[in-house]
Amino acid sequence: MKPRTYALTLILAAAALFAGVIAANILLDPQGVFGTNLLPRSPNINLHYRNLSAYDSAPDRFDGVLFGSSRALAIPLPELSRRTNGVSFATFWVIRGMLPDFLPALEYVAADKAKRGQRLRAVFLLLDIDTFGDPAGTNRYIETLLPQALSGESGVYFWWRNLTALQVRGWHAILREARAALEEKDRQAPSAIVKVRLTLVRIASVLSGLAARGVQAGSPYNRPFKDRAHFAEQLGLLQRLVALTRQSGAELIVAVSPLHRAVESRYLPTDLSQALDQVARVTPLWDFTRADWLSDDPNYWKGDTAHYSSEVASMMLARMFGDPVPPGWEHFGRLRGR
């Protein structure tokens, strides 16, 4: 092969691969930012983008915001709204959400409300003390990129990353779900169109599975509080969040998630208590740790040792707002810092 032909072949192959990556990201839309909606959503959806889009679609509807990790999904919003005199909460929870995720969203909403001449009435902040001070995932991965409105960076960077990211694991997850859905549809109502789509998805799923082999997931980060390099930094972010909430005239409601015994046992009681005291010096909070008796009933947990049930979340709200609670829950949680 002539050198010129060889070079041209390499260039064309690279261009084809580059175009294929862009096409896959647009068609499969792993982060849910392009709105293609051709196949089921993947677990890598960009929740920052989704939350911001949900708020921007009806900003006049919301006069409160809720921040938290995926544990915040247990919080019953109708109950929270009722206890806060009808505040309508925009949810800004993200997986393993931390203060670097929350503060940009609050800054955006507070500025938007001021521009509209509206008032932000309440901010509900659910903190996970077991991850407080760990490195945040904000802007580190394709699914945690902050949109331009939250990051202040160029929108070109955000969209370029989403177009060109090589993410075979995400593609494979979407194709696997699509394959299962099409196989079920084909069983219920066979048709030529469904069979063609199923064949294409099966081929793509096999190829993406082969490409995804050998990609290892990272291990969770867990260190004692005294060794967490980001603890002081995140206390500073919390101070900024508290100041911005006060400046906006909103009520700040802070709770710390209960911990399963398997999680809380990894910390010395004095270490955990000192960390909570430091957070409580910044803002009063309801501390729902030290409730290991919850771990004895699997109905209070959602299949793992991280996510508690809506019943537990309802009891948290009842205790925070002074409502009657059933026997056995009277000492669940305590107010720190006031």
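Select Asn 85 to start: this residue is in the loop between α3 and β2 (89-91). The model you are viewing is predicted. Check the backbone of Asn 85. Its phi is near 60°, a positive value in a residue other than glycine. Is Asn 85 buried or exposed? Asn 85 has a relative accessible area of 67%, and exposed means over 50%, so Asn 85 is exposed.

Go next to Asn 139. This residue lies in the loop between β3 and α5 (148-151). Asn 139 is not a glycine, yet has a positive phi of about 65°. Its relative accessibility is 24%. Partly exposed covers the range between under 20% and over 50%, so Asn 139 counts as partly exposed.

**Into helix α12**

Now select residues 310-320, which make up helix α12. This helix is mostly covered, with 9 of its 11 residues buried. Colour the buried ones. They are Val 312, Ala 313, Ser 314, Met 315, Met 316, Leu 317, Ala 318, Arg 319 and Met 320.

Which elements do the buried residues of α12 pack against? Show α3 (77-83) and three strands: β3 (122-127), β4 (251-256) and β5 (285-287). The buried residues of α12 pack against these four elements.

Step just past the helix. Gly 322 comes just after α12 and takes a positive phi of about 75°.

**The aromatic rings**

Turn on the side chains of Phe, Tyr and Trp. The whole structure holds 20 aromatic pairs. Pick out Phe 34 and Trp 159. Their ring centres are 5.7 Å apart and their planes meet at 45°, so the pair is tilted. The two residues come from distant parts of the chain, 125 residues apart. Phe 34 is in the loop between α1 (3-28) and α2 (47-57). Trp 159 belongs to helix α6 (residues 155-164).

How much of each partner is accessible? Phe 34 has 26% relative accessibility, so it counts as partly exposed. Trp 159 has a relative accessible area of 32%, so Trp 159 is partly exposed too.

Next, select a group of rings together: Tyr 55, Phe 62, Phe 67, Phe 92, Phe 102 and Tyr 108. These residues form one aromatic cluster.

**Last stop**

Finish at Phe 225 and Arg 228. What sits over the ring of Phe 225? The charged end of Arg 228 does, 4.4 Å from the ring centre.

Notes:
Residues numbered from 1 in each chain as written. Predicted model: local features only at pLDDT ≥ 70, side-chain atom pairs only at ≥ 80, totals over all residues. Heavy atoms only, no water. Buried < 20%, exposed > 50% of the residue type's maximum accessible area, 1.4 Å probe, protein only. Contact = heavy atoms within 4.5 Å. Phe/Tyr/Trp six-rings, centres within 6.5 Å; stacked < 30°, edge-to-face > 60°. Lys NZ or Arg CZ within 6 Å of the ring centre and 35° of its normal.
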